[in-house]
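Work through these exercises with the sequence and the 3D view side by side. Try each task before you read its solution.

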Amino acid sequence: MPTIKDVALKAGVSVTTVSRVLNNRGYLSEELKSKVYGAMEELNYRPNELARSLSRSKSNIIGLIVPHVSHPFFGELASHIEDHAYRNGYKLLLCNSQLDKTKEMDYIDMLRSSRVDGIIMGSHTLEVEAYRQIHLPIVTFDRKLSDNIPFICSDNYNGGRLATTLLIDKGCQKLAHIGGHPHLDLLSLGRYKAFQDIAEQRGVWYTSLHTDINGFNFQEYERLLEQLFLQHPDVDGIFASSDIIAAYALKACQESGRRVPEDIRIIGYDGISLRGLLTPSITTIRQPIEEMGKLAVDLILEQVEGNSVAMEHVFPVELEEGGTT
């Protein structure tokens, strides 16, 4: 494997000069840069990003920790974050915590050791103090950690209100909500709170089923839906806290002979692109995933530059009606 010394020898310059070219330091003529880059190309030399970051104040690398990259929402979010970061001269280190506290802490330690410029947190299994001790620019999704750490979320309460109101307006008389564990300190629980409030205000019967702490266990969704139909076979409206749960609800309805939307109506949350592949397509509360991902990167970059940023960033949601209502 070629080294920086090999590049310097090939280009006929010093190792220091090659380093200055790589880090864009000081005055460098176009002729000199072309000579160094030409030698790198010939030798197929690739600079070590970590080594370069040690000699600079910035690494131009952002860390992203998500609970499950296989989940379509986090897959789309990570894609938009990576694309926007790259367009701004940054690269992304993606970590998959699987909601494991030890794994999340290990990844945080790895990102700090790699001298990333900031961390975007989509996974939150640790106590607040652990995040305060990171001492790097941080942005979180769907959790307010403290008054000093910026967070991004959609208008969860309004999303829950829109979904529940539509189900009732469509004639549903027995509602069910399926979502994450209520004891998790997440802003997304606003969806469930709105579901409760609207159902009670409108005098409509409702029940709720919650996943365990690992809210991304797809097999758990099937168990919950089986439980729902066993205990409440006449339920006629489901508000799922994600499009994936809504997709499992649609599958369970079709397998049990329930017609959608004639016998039962279903609404999801997120607005992932995959929902359009289902038949019927899922009605959803769409949160602007691309815009949220871009803002997460921008907030990191602003903090890296030493600029102050607002702490609260709540995005509006839209009801997109598909074939399940």
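**Exercise 1: the parallel sheet**

Strands β3 (residues 118-121) and β4 (residues 138-141) run parallel and are joined by 3 bridges. Strands and helices here are DSSP runs, numbered from the N terminus: E over at least two residues for strands, H or I over at least four for helices. Two strands pair if DSSP finds at least two bridges between them.

The model is predicted: local features need pLDDT of at least 70, side-chain atom pairs count only at pLDDT 80 or more, and totals for chains, interfaces and linings use all residues. Residues are numbered from 1 along each chain as its sequence is written, and side-chain values use heavy atoms, with hydrogens and water left out.

*Task.* Find the bridge partner of Ile119 in β4. Then place both strands in their sheet.

*Solution.*
- Step 1. Ile119 has Ile138 as its bridge partner.
- Step 2. The sheet is open and has 6 strands, in the order β2-β1-β3-β4-β5-β11, with parallel pairing.
- Step 3. Its edge strands are β2 (91-96) and β11 (312-315), and each pairs on one side only.
- Step 4. From one strand to the next, the twist averages 20°. Axes are lines fitted to C-alpha atoms, for helices over the stretch in contact, and angles run from 0 to 180 degrees between N-to-C directions.
- Step 5. Helix α12 (residues 289-304) packs on this sheet and touches β1 (61-66), β3, β4, β5 (151-154) and β11. Contact means heavy atoms within 4.5 Å. The direction of α12 makes about 160° with that of β4.

**Exercise 2: the edge strand β11**

*Task.* Which residues of β11 lie on its covered face, and which on its uncovered one?

*Solution.*
- Step 1. β5 and β11 pair in the parallel sense over 4 bridges. Ser154 stands opposite Phe315.
- Step 2. His313 and Phe315 form the covered face of β11. Glu312 and Val314 form the uncovered one.

**Exercise 3: the mixed sheet**

*Task.* Trace the open sheet with mixed pairing and name its strand order.

*Solution.*
- Step 1. The order of its 6 strands is β7-β6-β8-β9-β10-β12.
- Step 2. β7 and β12 (318-320) are the edges; each has a single partner strand, so one side of each has no neighbour in the sheet.
- Step 3. Inside the sheet, β9 (residues 265-270) and β10 (residues 283-286) run parallel, joined by 4 bridges. Gly268 stands opposite Thr284 there.
- Step 4. Helix α9 (residues 190-201) packs on the sheet, touching β6, β7, β8 and β9. Its direction makes about 165° with that of β7.
- Step 5. α10 also packs on the sheet, touching β6, β7 and β8, and its direction makes about 150° with that of β7.

**Exercise 4: the two sides of α10**

*Task.* Check the span of helix α10 (residues 218-231). Then sort its residues into buried and exposed.

*Solution.*
- Step 1. The 14 residues should span 20 Å at 1.5 Å a residue. The expected span is 1.5 Å times one less than the number of residues. The end C-alpha atoms are 21 Å apart, which agrees.
- Step 2. Glu220, Tyr221, Leu224, Leu225, Leu228 and Phe229 are buried. Buried means under 20% relative accessible area, exposed over 50%, and partly exposed in between (1.4 Å probe, protein chains only).
- Step 3. These buried residues cover an arc of only 165° around the axis, so they sit on the same side of α10. The arc is that of the directions from the helix axis to the C-beta atoms.
- Step 4. The face turned away from the buried side carries the exposed residues Gln219, Glu226 and Leu230.
- Step 5. The cover over the buried residues includes β6 (174-179), β7 (205-210), β8 (237-240) and α11 (243-255).

**Exercise 5: the cores**

*Task.* Which residues touch the most other members of the largest nonpolar core?

*Solution.*
- Step 1. A nonpolar core is a set of buried Ala, Val, Leu, Ile, Met, Phe, Trp, Tyr and Cys residues joined through side-chain atoms within 4.5 Å.
- Step 2. The largest core has 47 residues; Ile120, Ile152, Leu228 and Ile238 touch the most other members.
- Step 3. α12 gives the largest share of this core, 8 residues.
- Step 4. Apart from this core lies another, of 16 residues, among them Cys172, Phe195, Tyr269 and Val317.

**Exercise 6: two acidic residues**

*Task.* Are Asp142 and Glu31 buried or exposed?

*Solution.*
- Step 1. Asp142 is in the loop between β4 and β5. Asp142 counts as buried because its relative accessibility is 15%.
- Step 2. Beyond its neighbours within four places in sequence, Asp142 contacts residues including Ile152, Leu186 and Arg191.
- Step 3. Glu31 is in helix α3 (residues 30-43). Glu31 is exposed, at a relative accessible area of 62%.
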